[in-house]
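Me: I am new to this structure. Can you take me through a ligand site and a disulfide?

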Amino acid sequence: MDLIHPRTVVDVAEALGTASQDGISVLVVGGRRHLDKGNPTDVDVELWTTQLDQVVAYEPDEMLVVVQSGMRCGALAELLAQHRQEWPADAPADATVGGVIASGSTSARRLRVGALRDTVVEMQLVTGDGRVVTSGARTVKNVTGYDVHRLMTGSLGTLGVITQVALKVRPMPERRRTLVAVGDVALATTIAAEVPLVAGVLGTHEGLEVRLEGWPDEIDELASAVTRLAGDTVALDEDSSFPRIPWWLWPDGGTVLEVAVVPSSLPGILAGSTNYAALAGVGIAWVGAASLGEIVAVRRRVEGTGGVAPAIRGPGGLGGTLPVPDVHRRLKASFDPANVLAPGRAWTPGTAAPRAPTSGG
Amino acid sequence: MADVDAARRKLEAALGPEAVLSDPLALRLYARDASMVEGGCALVALPTTTEQVQACVRAAVTHDLPIVPRGSGTGLAGAATPIGDSLVVATARMTGIVEVRPEDRLAWVEPGLPNLDLADHLRPMGWTYAPDPSSQQTSSIGGNVNTNAGGPHCLAYGVTSAHVLALDVVMPDGSLERLGAEGPEAAGYDLRGVVVGSEGTLGIVTRVCVRILPTPPAVRTMLFGFDTVEACAATVSAIIARGVVPAAVEMMDQGIVRAVESFAHAGYPVDAAAVLLVEVDGTDAGVAAQTHEVEAAADANGVSSVRVASDHVERALLWKGRKSAFGAIAQIAPHYHLHDCVVPRTKLVEVMRGVYAIAERHGLIVTNVFHAGDGNLHPLFSFDRSVPGTLERVLRASDEVVRLCVDAGGALSGEHGIGLEKRDFMSLVFSAEDLAAQACLRAAFDPDGRMNPRKVLPDGARCGEFAIAATGSGHAASDAADLPEGSWI
Ligand SMILES: Cc1cc2nc3c(=O)[nH]c(=O)nc-3n(C[C@H](O)[C@H](O)[C@H](O)COP(=O)(O)OP(=O)(O)OC[C@H]3O[C@@H](n4cnc5c(N)ncnc54)[C@H](O)[C@@H]3O)c2cc1C
Ligand SMILES: Cc1cc2nc3c(=O)[nH]c(=O)nc-3n(C[C@H](O)[C@H](O)[C@H](O)COP(=O)(O)OP(=O)(O)OC[C@H]3O[C@@H](n4cnc5c(N)ncnc54)[C@H](O)[C@@H]3O)c2cc1C
């Protein structure tokens, strides 16, 4: 396997221009944390973004930071912390900013901070055939033209290489506290619904974690609301991470599905499951599936509610039914005309048959 | 070749004759939105169901008419202004609230529903729909989606795109698709995100699934007066530096405060050079803490008057001042041109000064009322169109305002969009490659260029790989001559 390790956007453009000309297939790689999402593909070369790691601009007053895509989430967090700000990705420290965005990953505190895709306000990218494109602007609000950056967010490196992004950041909360309690996803759902402004409620097969963030008195007010619903709770120390139970430490070998459904159907979908972590109120759950049979069973329940359940670890592919396949095909054909970017990995009907044991396209 | 008569007959059969307008008077009514750009159209259809919208699109395809989707027509960029032999498909009769599901934090609504009707429906249930454009009484949810509308409360909660979960869209070929999902993620590329803000160029939205939020338990509204514009703007940054992101931070200059005061009698300080309306919300304890920080920030910048709403009646009064700004300016002159540009927050003062200088140079009255927290300026030129030469001066001044904002590192539009008005400024901020990528995105949805042609992208922006005119040159001559007055060629 060959390796491209560019230092500049021009390097990226040249490499992809050549790859397109010569029909060399390329997998974009950031922190390597999320490479299982999408159908696994055999490629000729990997393009590593990790040397594109510069801070381009940071104006704390604007609550905007501009960084290159290969910057590690840990390094970005340190930079922002100097001004008591954060980009609430909650990703592993060695994941890259570009990888988080390209894999469409979810903040564990999505209930409070919203979808990460809404933090991306400007993007520079290189298309599969080596054209450098900028979309959006370095302002918190903007409706100038089409949002090509939204198309790239969650596109798994199949339309282009994200080389630089401007991100909306937020003030770091004054205080934070994690409460753990006995309970399941049903209780988690109740807490998410009834405690105002809770940052995150993770219901797992081992118990509950409730994340509170805000002003000092506010945290006390919220904590008593949680205790009223959950009974006894234990507060972890102030700087414990959230979530505390790292789902990625689950035994290797199995598949982890990322279920996304309407919040009220989470308890039903997870009933009987013994291996899950669910973001209550959001409708996301990571579910361990040890066999193909389990994958199919979970997907059947999920699809019955109009949800999706791609595998983000292990085999399983993306699942789900693709809407408007023609639009997807045309997008892929115009952003990656030679079909060199991770061919067959995702949503490119007609260019490759899904190989993984999925129940859908 | 466009065949208007045949299209009309087909539409009358599908929608009923009273839902299809073709008399000259009606056509004139639909020839423009709230911008200064006037166009023209061949037919107007007023469907009541998704199936009827599909029939409209199929008739337009069969008889080769361009389609212009329309909500309430309050848009300020000429995006809903039709040109040529267009079929205007107006959603004004599709105003239902289909369902509200608090347990899933969502509601399904029809596109023609006025924004405020949704807010009013949710309020007694203890829920809100956050985006609240100043036009919320009339502008439609479908229009809000297609312009990615903002509003005072979008500072903390995000603009429309953060509040749209799924869209039912009649595609340019007449097929019906659901983009996005009721849940937090959907299969495929984020096409929902792409359609939001696409100004009716990718399809016709016939149903919207919006995210709703529980009404925050506590809220506090404050009005601060300052002796200088600088101190007022500095307070905005100081609030943010203290780690507070208020629900809303709106700024008004003296000109607009005086106009508002004599109109709404909200008790605004007419001697202040600028006022700041700040609202914080959250839990009781959170609101108390934020209020303390906001007041400290104002104090540190020499605030000259402070008013804190003591109850919801006073809160409503303070907001009435802000929300009646557009009504109030009618007292200044019969016409106005409302600008919309967005700059880095730290450049607000500099850009405001520049705007005042431009107005003075062109002998125009300008006032400012805007979303200061977002850096989103709304310079408002008041004028009398019947005075010869005035419109030209307004357009020249507007041109300079756009360039001023771009030079300050800003974008062409913060919330009103590009439409016809600003499409020829697109190359000020985007390269040919950037515009080609945007044209590709558009062509992927609409390879024939049928939807709202010649909007958003300048003529000449094309998607190379497809060699398809994404700007509808198949439907309108490519020279500028047929573009309406005011579209700033
Ligand atoms: C609480 C929490 C904890 C998490 N912990 C983990 C964890 O421990 N392990 C884990 O696997 N995930 C974890 N995730 C998900 C994690 O956020 C993603 O793994 C991470 O975002 C991937 O970043 P990466 O740099 O490792 O990307 P990679 O894995 O390198 O790439 C991911 C995908 O994006 C594409 N891509 C990468 N960079 C670019 C680019 N610049 N342009 C275009 N495409 C690109 C790749 O081709 C690939 O398809 C967690 C998420 C949450 C919410
Ligand atoms: C006094 C005043 C104050 C305003 N304040 C604000 C403000 O605070 N914030 C803000 O963002 N805007 C504001 N606006 C601008 C305007 O109200 C918004 O752009 C609004 O979202 C337009 O909605 P509409 O229903 O009037 O859409 P229209 O003007 O009818 O259409 C706008 C665009 O959306 C498209 N469209 C409409 N409906 C559909 C549909 N169902 N499917 C596909 N495309 C569709 C049209 O083709 C057009 O491109 C203001 C306007 C006025 C006159």
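The questions below deal with ligand 2 and then with a cysteine pair, in a model that is predicted.

Me: Which element gives the largest share of the shell around ligand 2?
Reply: The shell around ligand 2 holds 35 residues. Elements of chain B that give two or more of them are strand E3 (67-70), helix H5 (141-147) and strand E10 (204-211). The largest share is five residues, and it comes from H5(B).

Me: How many residues in the shell around ligand 2 are charged?
Reply: Sort the shell by class. It has 21 polar and 11 nonpolar residues. The charged residues number three.

Me: What percentage of the accessible area of ligand 2 does the protein cover?
Reply: Start with the polar contacts. An oxygen atom of ligand 2 is 2.6 Å from a side-chain N or O atom of B:Ser135, and a nitrogen atom of ligand 2 is 3.0 Å from a polar side-chain atom of B:Glu415. On its own, ligand 2 has 970 Å² of accessible area, and the protein covers 96%.

Me: Which pocket, ranked by size, holds ligand 2?
Reply: Residues closest to ligand 2 include B:Pro69, B:Gly71 and B:Thr74. As for the pocket, ligand 2 sits in the second largest.

Me: How many residues apart in sequence are the parts tied together by B:Cys341 and B:Cys405?
Reply: The structure has two disulfides over all chains. In one of them, the sulfur atoms of B:Cys341 and B:Cys405 are 2.2 Å apart. B:Cys341 lies in strand E17 of chain B and B:Cys405 in helix H14 of chain B, so the parts tied together are separated in sequence by 64 residues.

Definitions and conventions
Residues numbered from 1 in each chain as written. Chains lettered and ligands numbered in written order. Predicted model: local features only at pLDDT ≥ 70, side-chain atom pairs only at ≥ 80, totals over all residues. Heavy atoms only, no water. Near = heavy atom within 4 Å. Polar contact = N/O pair within 3.5 Å; in protein donor to acceptor, adjacent residues only side chain to side chain. Areas by Shrake-Rupley, 256 points an atom, 1.4 Å probe, with all protein chains shown as cover. 1 Å grid on protein atoms, 1.4 Å probe; cavity = no way out; pocket = protein on both sides within 12 Å on 5 of 7 lines; lining within 4 Å. Sits in = over half its atoms within 2 Å of the grid points. Helix = DSSP H or I, 4+ residues; strand = E, 2+ residues; numbered from the N terminus. Nonpolar A, V, L, I, M, F, W, Y, C, P; charged D, E, K, R; others polar. Disulfide = S-S within 2.5 Å.
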